[in-house]
Amino acid sequence: MKDGIVESKVPEVTVIFWIIKVLATTLGETGGDAVSMSMNLGYAVSSAIFVGIFLISVAGQISVRKFHPFLYWFVVIATTTAGTTMADFADRSLGIGYPGGSSLLFALLMISLAVWYRSEGSISVNTVSTPRVETFYWISILFSQTLGTALGDWMADTNGLGYEGGALVFGAGLAVSAAAYYLTSASRTALFWAAFILTRPLGATLGDLLDKPLANGGMAFSRYTATVILAALIVACVTLLPQRAGGHPGRPEASKI
């Protein structure tokens, strides 16, 4: 703690954060599809692989004592790839469809946030500085990424908007959230989680736009090629663009919603 400020284990939420987040969610779509579809491993096996990677990486993230940009974003990417295959497994393999999968995942996210709030009195990301709070944070992140995938696929595949239309809808949602942040006194915590959820379907539709066939409205990039390009962009952003840990006043009451 320095000057009454407790350093968070997650980055400060800035424009740079959101740029990398959109890239990570787009990579999650192309990378998840590359393993489940291009490698023909299926949704169940791919989900098991990515959930395993997530559990190992998040254990490393929770065990370290301060914010490490590359480790943090690796865990985020693990949640996006796991979210892609888990959502596809729920929507398609379990046969509950996009509405059923989205409803189930929304309920799980709300439950995780409610349990977190009941335990800690806040769901602000600025309070993520202890192992217990960080555990709540990453569980909620995983559910939000999976929900975002289901929403993106639902919008693009079944509502006649296509990938470009879906990206525009979710991009507009993010613009509304940004306007609310700068122009109103709405809860910053609520706006963060709304934007965090919306960036995932935006990434899902952008990923589909990159790797789907031209006949289906995509750009026909190889899933492997798109994934490598996106990974390189993320590495460049994390390396070249400054990030620092978030922080919050040391008094517990200061971090309430």
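These are questions and replies about helix packing and burial in a predicted model.

Me: What makes α3 roughly antiparallel to α8?
Reply: The axes of α3 (residues 69-93) and α8 (residues 223-240) cross at roughly 150° and come within 10 Å. Angles over 145 degrees count as roughly antiparallel, so α3 is roughly antiparallel to α8. The crossing of these two helices is right-handed.

Me: Which residues of α3 and α8 meet?
Reply: From α3 come Pro69, Phe70, Trp73 and Ile77, and from α8 come Ile234, Val235, Val238 and Thr239. By class, the contact of α3 with α8 holds seven nonpolar residues, one polar and no charged.

Me: Why is α1 called oblique to α7?
Reply: Helix α1 (residues 15-38) packs on helix α7 (residues 188-211) at an angle of about 45°, and their axes are 7 Å apart. Roughly parallel needs an angle under 35 degrees, and roughly perpendicular needs 65 to 115. The angle of about 45° fits neither, therefore α1 is oblique to α7. The contact of α1 with α7 has 10 nonpolar, seven polar and six charged residues, and the crossing is right-handed.

Me: How does the reach of α4 compare with the span expected at 1.5 Å a residue?
Reply: Helix α4 (residues 97-120) has 24 residues and reaches 34 Å from first C-alpha to last. The expected span is 1.5 Å times one less than the number of residues, which for α4 is 34 Å, so the reach is close to expectation.

Me: Which residues of α4 are buried?
Reply: Those under 20% relative accessible area count as buried. In α4 they are Tyr98, Gly101, Ser102, Leu105, Leu109, Ser112, Leu113 and Trp116. Gly121, with a positive phi near 80°, follows α4.

Key: Residues are numbered from 1 along each chain as its sequence is written. This is a predicted model: local features need pLDDT of at least 70, side-chain atom pairs count only at pLDDT 80 or more; totals for chains, interfaces and linings use all residues. Side-chain values use heavy atoms; hydrogens and water are left out. Axes are lines fitted to C-alpha atoms, for helices over the stretch in contact, and angles run from 0 to 180 degrees between N-to-C directions. Helices (H or I, at least four residues) and strands (E, at least two) are DSSP runs, numbered from the N terminus. A crossing is left-handed if the near helix is turned anticlockwise from the far one by less than a right angle, and right-handed if clockwise. Contact means heavy atoms within 4.5 Å. Ala, Val, Leu, Ile, Met, Phe, Trp, Tyr, Cys and Pro count as nonpolar, Asp, Glu, Lys and Arg as charged, and the others, Gly among them, as polar. Buried means under 20% relative accessible area, exposed over 50%, partly exposed in between (1.4 Å probe, protein chains only).
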